Amino acid sequence: MSQKSCYHCGDDVIGKGFNLDDKAFCCNGCKSVYQLLSSNDLGTFYNLESQAGTRPKEADKHKYAFLDVADIRKKYIDFEDATSARSTLFLPQIHCSSCIYLLENLHRIDPQVKSCQVNFPKREATLIFDKEMPLSELANLLSKIGYEPNFGSREEQKKKQSRTYLYKLGVAGFAFGSIMLWTFPEYFDIAKSNPEISQFSAYLAFLVSVPVILYSASDYFISAFKALRYRSINLDVPISIGILALYAQSVFKIFAGEGTGYIDSFAGFVFFLLIGKWFQSKTYQSLSFERDYTAYFPVAVTKLEGSKEIIVEIDQVKIGDKIIIRNQEVLPCDAILLSDEIKIDYSFVTGESIPISKKKGDFIYAGGKLLGKKSELVVEKESNRSHLTQLWNEVNKEEKKKDTGKDKLSTYFLFALLTIALGAGIYWYIYDSARTTEIIVSILIVACPCALALSKPFTYGNIMRVLGRKGLYLKNNEVIEKINATTDIVFDKTGTLTTNSSNHVDFIGAPLTEEQINQVILLVNSSTHPLSKSIVRHLKDMTTPNNLELTEFQEIEGKGIEGEIMNQTVKIGTLEFWNSRVLEHWFSQRSKAPTLQSSFSSFVHSDAQPIANETASHLSINGNYLGRFVFQSEFRPGIIEVLRELAKKFTLHVLSGDKDKDKEILQKEVPELKHLLFEQSPKDKLDYIKKLQDGQRKVLMIGDGLNDAGALEVANTGIAISEDIFRFSPKSDAILEASKLYSLKNHIETAKFSQSVLKICYIFSIVYNIVGLAFAISGNLTPLVAAILMPLSSISIVLISTLLALSRK
Amino acid sequence: MGVIYLMLVVSFIIAIIFLLGFFWATKNGQFDDDYAPSVRILFEDEEIQVKNKKTESNGNRKV
């Protein structure tokens, strides 16, 4: 069946859809964005990239009200003058050129916005707008067109902006180019006929080399010095020795009037090293690996003072305060419910997508999202002391166990280097004592592990890019090494092995007719509720092309959805929602009928009796009860195969906060899976990993929600799995796209492949070192040889590591 | 051969100018985003057109 797709967002259009200007839309939200854009002559949005839009969420006007509180507003305004204000907002939905176009033309939609500039890699927009414009209005405008701003803490991102690498690289590049030009005559002995000119250019070369050693190369000296102070050795130690020897020798030659020495190689060497560092530092700027709990919790909350509602910052909320939480808002502190029944969605916390019911007087943990009508709560614990954040603080205090052990390779390298230098020194002292110093210096110069130092950043940098294309985003290079050392893999179950975006759906009740299916899907498609989306997925293949039209639509928070299709009222939602008369009856009968189920059974067929604790949505058309959709969490596709494959190489563990309902399935499907633990609290998970590590295991933990945050942090490698990589991932070493979990084995193999690439690079660099040493020991390392050998080795290593890493598709 | 001195100095000065240019560009954030500018350059024509349209129609804009 061919489906029309939405002109705005590209989703399937169900039924007749929403139509305007001969274009079909999947929902009213997309249609209104289109209307807004076309009425402002921004139709180009759709020409740049087709179906580039994102489906806007139904925005609650109150959602951004906190931004207008003066203290909070100040936090998000970078700069303000008499007429305008500037603010930089993180808009995770930015994804293509059409987005840039639309955002940068925002002033045409709302003249209060003066200008907007997008930073694409960071997914940020810098907006300059009228000082009088409330920040909440700006946020609402952005949400309305589908770019919901994220007001979490972005501290870490700001630090990353450092441009020092580029400055250092620029200085080194400038010196390298200039010195090469000036020393060119030396290579061909032309200089000898004009000693004055040659000396003049040597002084010039010295002049430009000073900032290179003092500024550009300073990081290497600092790092080497730090390592030596802690009595360990890293690769920067031999590099620093090499650089210093090279520089000292060259300066000596210049001032002795013996030409320019190796000053050209020196500048080139630092330049190549810095390119490596810069390449390494170009990581995923838009992703955040360091989020703590504050990024999940709202910035402000509505406090009830007497009968007055005031908005205050989270840290001003005290125990005993009454707060108000609205539909879709996240509860920032542990609290007790004062209002009637609501549902709490803990999917950020546990990965469990099915909301939990809470009654008046129930204790509610922070981190849950409220579904239902506006509710009053009384605070039991402050935000930073709540159940979840306490765990977080605890881990931070303890500090993650560091992988100890010095860089062995560097130690061997330095040892071998010193031995050779000493041996050659003794030999030359006996043979020709006048040349001893020169030979030792040239050995130190040529043995400098430049190629070795370049192979790592380039190999790992390229492998990181390859992995990024496959949906695994690493925080930095070191994570590759950590992945390679893994012996045990620990999986969280809910939200990791199972999915929290779609549920397994069963319809219980009389079979639906074709028309009814079409009606249902048309109705649920207008809702963004996760359960509605699951129903859409479930029924999608059963629909037939039709011309049904949704004439009226209403979503009642926490209850259900209701719509008018061809003069028929279709309702999906809770039992109470189905028919309030049923409810009235239930209440009147309450003394006689203790449970809803038993009173319910008198209204519908016996086979449709609901089971306690199941998650279901009830369907009725024109008031006639037809049956219910029952939701169950579902394993991610392909996950069983992944577990089987991984079990061959690693010890697997599954930890779950749930009851052991899936234990048998897992054990039957993956017999190698021996360590299955259920009903684990966040603290239990953390302790379990620590116990494994005490047994010298290297643990890779894969989890999602906030309740895994402690475990992810303590594990040697913590991989957060995320449906949307720009949102809601706890602090971790890497972020994995949920849809790419099935290729986890491939990801680990790719990381391992980097070891092979590194080995090849090491062999090459050692060969270069041996060739160089042969020149140095025999006393033939002329500046010309050095000038050829050093860039050659550097460039060939970069080429080898890049080509090999990219060969791995 | 005296001119060589001059050329050496001139080459040095030119290189310094380029280095300062690079610093300026870095400071301005030109290397922060390597994607958006490549797209942005294609928008310009249309924007001018719209402005013209606005001035021509003088408020009686037709959509």
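This report walks through the fold of chain A, its cores, its sheets and its contact with chain B.

**Overall fold**

The model is predicted. Chain A has 809 residues, and 45% of them count as buried. Its secondary structure comprises 30 helices and 28 strands. Many contacts reach across the sequence. Of the contacts in chain A between residues at least 6 apart, 67% link residues at least 24 apart.

The domain assignment splits chain A into five parts, listed as domain 1 to domain 5. Domain 1 covers 18–158, domain 3 covers 297–396 and domain 5 covers 502–634. Domain 2 is built from 164–284, 405–459 and 760–807. Domain 4 joins 467–499 with 636–752. The centres of domain 3 and domain 4 of chain A, taken over C-alpha atoms, lie 29 Å apart.

**Cores**

The largest nonpolar core holds 183 residues. Which residues have the most contacts inside it? They are A172(A), I243(A), A267(A), V270(A) and I689(A). Helix α17 of chain A, residues 450–469, gives this core its largest share, eleven residues. Another core lies apart from it, with 22 residues, including I354(A), I521(A), I561(A) and L626(A).

V270(A) deserves a closer look. Leaving aside neighbours within four places in sequence, V270(A) contacts A172(A), V212(A), S216(A), A217(A) and I243(A).

**Two helices**

N769(A) sits in helix α29 of chain A, residues 744–777. Is N769(A) buried or exposed? N769(A) counts as buried because 24 C-beta neighbours lie inside 10 Å, and the cut-off for a buried residue is 20 or more. N769(A) and P149(A) are 620 residues apart in sequence, and their C-alpha atoms are 53 Å apart in space.

Helix α10 of chain A runs over residues 218–229. Its twelve residues, at 1.5 Å a residue, should span 16 Å. The end C-alpha atoms are 16 Å apart, so the two values agree. Just after α10(A), R231(A) takes a positive phi of about 55°.

**Sheets and strand pairs**

Strands of a sheet pair through backbone hydrogen bonds, either parallel or antiparallel. Chain A has an open sheet of four strands in the order β3-β4-β6-β5, with antiparallel pairing. β3 (79–80) and β5 of chain A are the edge strands, each pairing on one side only. Three strand pairs of chain A are set out below.

| Strand pair | Sense | Bridges |
|---|---|---|
| β3(A) and β4(A) (84–90) | antiparallel | two |
| β17(A) (488–492) and β24(A) (651–655) | parallel | five |
| β24(A) and β25(A) (675–677) | parallel | three |

Individual bridge partners can be picked out. E80(A) has A85(A) in β4(A) as its bridge partner. I489(A) stands opposite L652(A) in β24(A). H653(A) has H675(A) in β25(A) as its bridge partner.

**Contact with chain B**

How many residues does each chain bring to the contact? Chain A brings 25 residues and chain B brings 22 residues. On the side of chain A that touches chain B, at least two residues each come from α4 (97–104), β5 (113–119), α8 (164–187) and α9 (195–216). α8(A) supplies the largest share of that side, eight residues. By class, the side of chain A that touches chain B has 13 nonpolar, nine polar and three charged residues. β5(A) thus appears twice in this account: as an edge strand of the open sheet and as a supplier of residues to the contact.

Notes
Residues numbered from 1 in each chain as written. Chains lettered and ligands numbered in written order. Predicted model: local features only at pLDDT ≥ 70, side-chain atom pairs only at ≥ 80, totals over all residues. Buried ≥ 20, exposed ≤ 12 C-beta atoms within 10 Å, placed from the backbone. Contact = placed C-beta atoms within 7 Å. Core = buried A, V, L, I, M, F, W, Y, C linked by C-beta atoms within 7 Å. Domains from an automatic or database assignment. Nonpolar A, V, L, I, M, F, W, Y, C, P; charged D, E, K, R; others polar. Expected span 1.5 Å × (residues − 1). Pairing = 2+ DSSP bridges.
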